[in-house]
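Me: Could you take a close look at the enclosed empty space in this model for me? I'd like to know what lines it.

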Amino acid sequence: MSTVKPRAERAAEARLAATRIEAEGVDGVIVGWVDNSGVTRVKSVPVRGLESAARWGVGAAPCFDAFLVDDSLAPSGSPVGDLRLVPDLAALHRLAAQPGWAWAPGDRWTQQGEPHPGCQRQFARRTAEALVERGLTVQAGIEVEWIVEGGEAGPAYGMRRLIGNSDYLRDLLRTLREQKVTVLQLHPEYSDGQFELSVAPGGPVEAADTALLVRHTVQAVSLRHGLRASFAPLVAADGVGNGGHLHLSLWRDGQNLGHGGSGPHGLTREMEAFLAGVLAELPALLALGAPSVASYLRLVPGHWSGPHRCWGLENREAALRLITGSAPEQANAEVKCFDAAANPYLAVGGVLAAGLAGLGDALRLPAETTGDPDGVAERLPATLGQAVDALRKSQVLRAAMGESLWQSVIDVREAEIARFADRRPAEIIEAVRYRY
């Protein structure tokens, strides 16, 4: 069970942090969390209020668990009650593209000092801790894809697009370096104005934190260059959309379990069972990793979005892509069917919970899909409603998430389905384009 540090200890750490960042020119600290619809919500305090925020938390109403992507509320939303949003000072960053500001992700606690059962970040932490109890750790990273309006166009993956946006992309790299984010790759993607950035892997919660920090930075740098960035699953009806692919590797005693085993392509028995658990729960996991009605406009065959419930070595149409890499430490698996609308903590926590179930049941992977899975492999849910039905039937995710979080996610998904029931695809795309 996750525990919060004593108030006095948090306050002492906050005093030191506030002194440091104030000397670096910080005036305000943003404390952020992500709701069940995938929208980042924030509270902020003056830098000299950081100590109080760390000691007592910042008020954040529990009704945010019922917020939809358009700021309306699911029927389960209530105006009653309050929670405490506590900044994680270990993840505090000065925002280089927002002078005078720092940011920290927040955990939500009850006023009695207990973990809020609907806190998505603590859900991700619980599942990571459950793996540690088995002697296992996970290294994870989330690819960040976005589309900018107003930049230089050019071919997919083309040098022309990079040249036309080189000042913008250089500033993005510099800003992330200032924030101590290690970038592995940055390149033009398939759609017009689309880019993709990947970062060095870290622990599961840290990977979700970093994905948010990168997205905040992309938004800020884009605005400073007169551009507007969108992380929506689909930005144009004829585009391929923005993925939020989750990469992960499983480790024991410093050894990558995706390499050197007797299973398919060198998987160890534990890694195979973990991935088999993920594959088994993928239909339900879509309700966490592809949370928008718009997600299913992106999740179609032929767009490398991973719409089929299958796995394969370097198969970019499979939902679960195995990557052996050129060195043992590079072996990992990629969940391709998730998109950038997902709450990253829900996505990470759900995948780890599914992997844990696979380990517990010693599952085996089905036969590999070696070619195009369309017409061969099972389709994943083609609508958000189908994904919600799968989540409702998943005992694995229900137990891992806890009744409160599991039910609030279902409530939000069903309310968003109803909200967009009469909208045409173009109207759905327009409604969510700049919400994430």
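Reply: Happy to help; here is a walk through the cavities and their linings.

This is a predicted model, in which local features need pLDDT of at least 70 and side-chain atom pairs count only at pLDDT 80 or more, while totals for chains, interfaces and linings use all residues. Residues are numbered from 1 along each chain as its sequence is written, and side-chain values use heavy atoms, with hydrogens and water left out.

Searching the whole structure turns up two cavities of 30 Å³ or more. A cavity here is a set of points on a 1 Å grid over the protein atoms alone where a 1.4 Å probe fits but cannot get out, and lining residues have an atom within 4 Å of a point. Its volume is the space filled by probe spheres set on the points, which are joined across faces, edges and corners.

The largest cavity holds about 140 Å³. It is lined by 16 residues, of which Ile142, Arg215, Gly244, Ala342 and Pro344 are the closest to its centre. Helices H6 (204–224) and H9 (344–360) each give at least two residues to this lining; helices are DSSP runs of H or I with at least four residues, and strands are runs of E with at least two. By class, the lining has 11 nonpolar, two polar and three charged residues, where Ala, Val, Leu, Ile, Met, Phe, Trp, Tyr, Cys and Pro count as nonpolar, Asp, Glu, Lys and Arg as charged, and the others, Gly among them, as polar.

The second largest cavity holds about 50 Å³. Around it sit Trp33, Val34, Gly106, Arg108, Cys119, Gln120, Arg121, Asn343 and Tyr345. Strand S1 (28–34), strand S6 (101–109) and helix H3 (120–133) are the elements giving two or more residues to that lining, which divides into four nonpolar, three polar and two charged.

Conventions
Axes fitted to C-alpha atoms, helices over the stretch in contact; angles between N-to-C directions. 1 Å grid on protein atoms, 1.4 Å probe; cavity = no way out; pocket = protein on both sides within 12 Å on 5 of 7 lines; lining within 4 Å.
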